[in-house]
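Here are a few notes to help you find your way around this structure. Have a look at it first, and then take the points one by one.

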Amino acid sequence: MTEIFGFPVVVVLGQLVLGLVNGSFYAILSLGLAVIFGLMRVVNFAHGAFYALGAVTALLGLKLLGVNYWAALVLAPLVVGLLGILVERLLLRRLAGLDPLYGLLLTFGIALAIEGTLQQLFGSSGESYPVPEALRGALNLGFMILPRYRAWVIVASLAVCFGTWFVIERTRLGATLRAATENAPLLQAFGVNVPLLVALTYGGGVALAALAGVLAAPVILVNGTMGSSIVIVVFAVVVIGGMGSILGAIVSGLLLGLAEGLTKVVYPEASNIVVFVIMALVLVLRPAGLFGRE
Amino acid sequence: MTTEFLRVTNLHAFYGESHILHGVDFSVNRGEVVTLLGRNGAGRTTTLKALLGLVGSRSGSVMINGREAIGLPPHRIARLGVGYCPEERGIYASLSTEENLSLPPLVGSGGIAAEELYAMFPNLAERRATQGTRLSGGEQQMLAVARILRTGARLLLLDEISEGLAPVIVQALARTVRTLRERGYTIVMVEQNFRFAAPLADRFYVMERGRIVDGFPAAALPAKMGMLHEFLGV
Ligand SMILES: Nc1ncnc2c1ncn2[C@@H]1O[C@H](COP(=O)(O)OP(=O)(O)O)[C@@H](O)[C@H]1O
Ligand SMILES: [Mg+2]
């Protein structure tokens with residue numbers, strides 16, 4: 001059997017692919033965080049809760065209204081995004097101009113409220129979401145058997161990340177968003193409704209979290225606290241990529257998923273902490289993050 | 001017939017606790033070029049910002065094209081047909097020249113098309129894809145002026161557009177202002193560079209410590225030189 005540094009190639013490749021699946025979730029989640037932080041300077045601690053809310057919305061839609069997976073992929077982010085807009089307009093807006101710590105505390109409170117409510121309503125055991133018909137079964141990659149659904153997760157999140165990157169970096173709307181991130185008062189003096197833009201951006205960032213939640217629903221147990229552990233990793237990803245950097249969030253999300261996968265081969269005991277070790281190293285060597293502006 | 005495009009009455013402006021403008025009064029007629037003169041720190045930049053709602057808080061009255069703007073947020077004020085060129089130019093680093101040019105939304109009809117602007121400022125045409133802040137100081141100033149001409153704004157607020165630029169660029173900007181005046185734009189200029197402003201303006205106001213202390217038409221300029229000399233050191 002072929003080996004790399006004494007590890008079987010098949011095992012390495014297999015873990016890399018699984019790492020890429022995790023990295024796909026990191027990428028979408030950290031992308032939303034980065035968009036929100038870039039424009040609003042708010043560290044959105046509620047991100048994990050909105051991720052859970054996306055999955056729960058999809059599950060409820062299926063059970064109560066018969067909304068299938070494909071429709072949920074669009075509708076759940078829409079519903080959660082609207083809730084995000086409400087949260088921005090009614091709560092976050094009031095903290096504009098204050099110490100960022102207030103935004104952090106508020107979003108942390110919102111996270112507790114959402115997760116607590118979901119737990120109260122659905123219990124903490126969790127429920128599984130059926131894998132959609134078209135994505136059942138597995139692909140034989142030669143070096144591993146990959147469930148079709150996980151391949152879909154990689155493809156879908158790469159598409160979402162590319163689409164978001166494209167909108168922000170290559171379109172007129174994106175230019176407006178970048179300008180708002182850089183100098184919002186001047187942009188507003190040009191006639192752009194910046195408060196509305198901020199609300200839509202928060203809604204959009206939160207909708208990305210919900211989309212990740214729907215994507216995750218068929219591969220994990222859906223419950224109110226499903227976001228609380230992944231979101232810690234995602235915060236580390238955002239710090240590594242560079243706070244507010246779009247490309248940084250996407251690339252480091254995927255890379256850190258791969259790094260976790262590799263660690264599982266080389267030294268499995270460290271796979272849960274490798275992201276944080278990398279974060280510490282990046283903070284020491286390049287405090288603005290891999291893609292951040294110094 | 002002259003009609004007022006802008007009338008400012010008893011305008012007070014604050015940055016936090018600091019009271020900067022203490023009852024500013026002036027008016028600008030449609031199609032007129034008016035220059036605010038004054039020493040550094042007199043409150044000219046603050047006056048332009050207060051017109052747009054970019055100060056901490058403000059009171060008084062700002063009538064733009066017949067509409068009271070004192071209670072409106074900045075984006076609604078812009079849509080009354082106002083274009084703003086800030087003192088620091090405000091070119092966006094994360095946007096290319098072309099993106100900077102097309103950033104401000106249309107606020108009126110009859111704006112100058114991008115292609116015509118590129119013809120007016122050929123340097124910009126060559127550097128469309130360049131990051132905005134990589135342009136030279138003069139090019140950035142041209143871009144800052146050009147991007148508010150695209151929007152159909154009829155009242156232009158230009159803050160120290162000649163500041164710190166080479167004479168040849170300053171002359172090009174003077175030609176631009178003259179062209180805009182011929183096209184009927186209403187312009188409020190803040191200028192430190194008296195020699196730049198003197199031949200361009202129809203009327204002058206002099207500011208001192210957050211108030212307008214004098215106002216006179218261009219024809220009265222020779223008689224006012226002594227006072228200006230004393231006030232501004234020109
Ligand atoms: N952001 C600000 N916060 C507090 N004070 C300010 C601010 N900007 C300007 N000032 C003060 O307001 C006064 C007027 O400034 P400014 O309007 O820039 O004058 P000018 O443009 O005529 O040189 C100055 O005393 C200046 O120190
Ligand atoms: Mg000034």
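1. A good place to begin is the shell around ligand 1, which by class has three nonpolar, five polar and two charged residues. Here Ala, Val, Leu, Ile, Met, Phe, Trp, Tyr, Cys and Pro count as nonpolar, Asp, Glu, Lys and Arg as charged, and the others, Gly among them, as polar.

2. A word on the basis of these notes: the model is predicted, local features need pLDDT of at least 70, side-chain atom pairs count only at pLDDT 80 or more, and totals for chains, interfaces and linings use all residues. Residues are numbered from 1 along each chain as its sequence is written, chains are lettered from A and ligands numbered from 1 in the order in which they are written, and side-chain values use heavy atoms, with hydrogens and water left out.

3. Which residues surround ligand 1? They are Y15(B), I20(B), R39(B), N40(B), G41(B), A42(B), G43(B), R44(B), T45(B) and T46(B), where a residue counts if one of its heavy atoms lies within 4 Å. Helix 1 of chain B (residues 44-52) gives the most to this shell, with three residues; helices are DSSP runs (H or I) of at least four residues, numbered from the N terminus.

4. Oxygen atoms of ligand 1 have N or O partners in the protein: one lies 2.7 Å from the side chain of T45(B), and one lies 3.0 Å from a backbone N or O atom of G43(B). For T46(B), a polar side-chain atom is 2.5 Å from a ligand 1 oxygen. Taken alone, ligand 1 exposes 560 Å², and the protein buries 59% of that (Shrake-Rupley method, 1.4 Å probe).

5. Now turn to the two chains: 24 residues of chain B are in contact with 19 residues of chain A, with heavy atoms within 4.5 Å. Together the chains bury about 1700 Å², 58% of it on carbon and sulfur atoms; this is the accessible area (1.4 Å probe) lost on being put together, summed over both. H75(B), Y92(B) and L103(B) supply 32% of what chain B buries against chain A, more than any other three residues.

6. How many salt bridges cross this interface? The rule finds one, with a side-chain nitrogen of Lys or Arg within 4 Å of a carboxyl oxygen of Asp or Glu. E99(B) pairs with R178(A), their closest N and O atoms being 2.9 Å apart.

Notes
Polar contact = N/O pair within 3.5 Å; in protein donor to acceptor, adjacent residues only side chain to side chain. Helix = DSSP H or I, 4+ residues; strand = E, 2+ residues; numbered from the N terminus. Buried area = accessible area lost by both parts, 1.4 Å probe.
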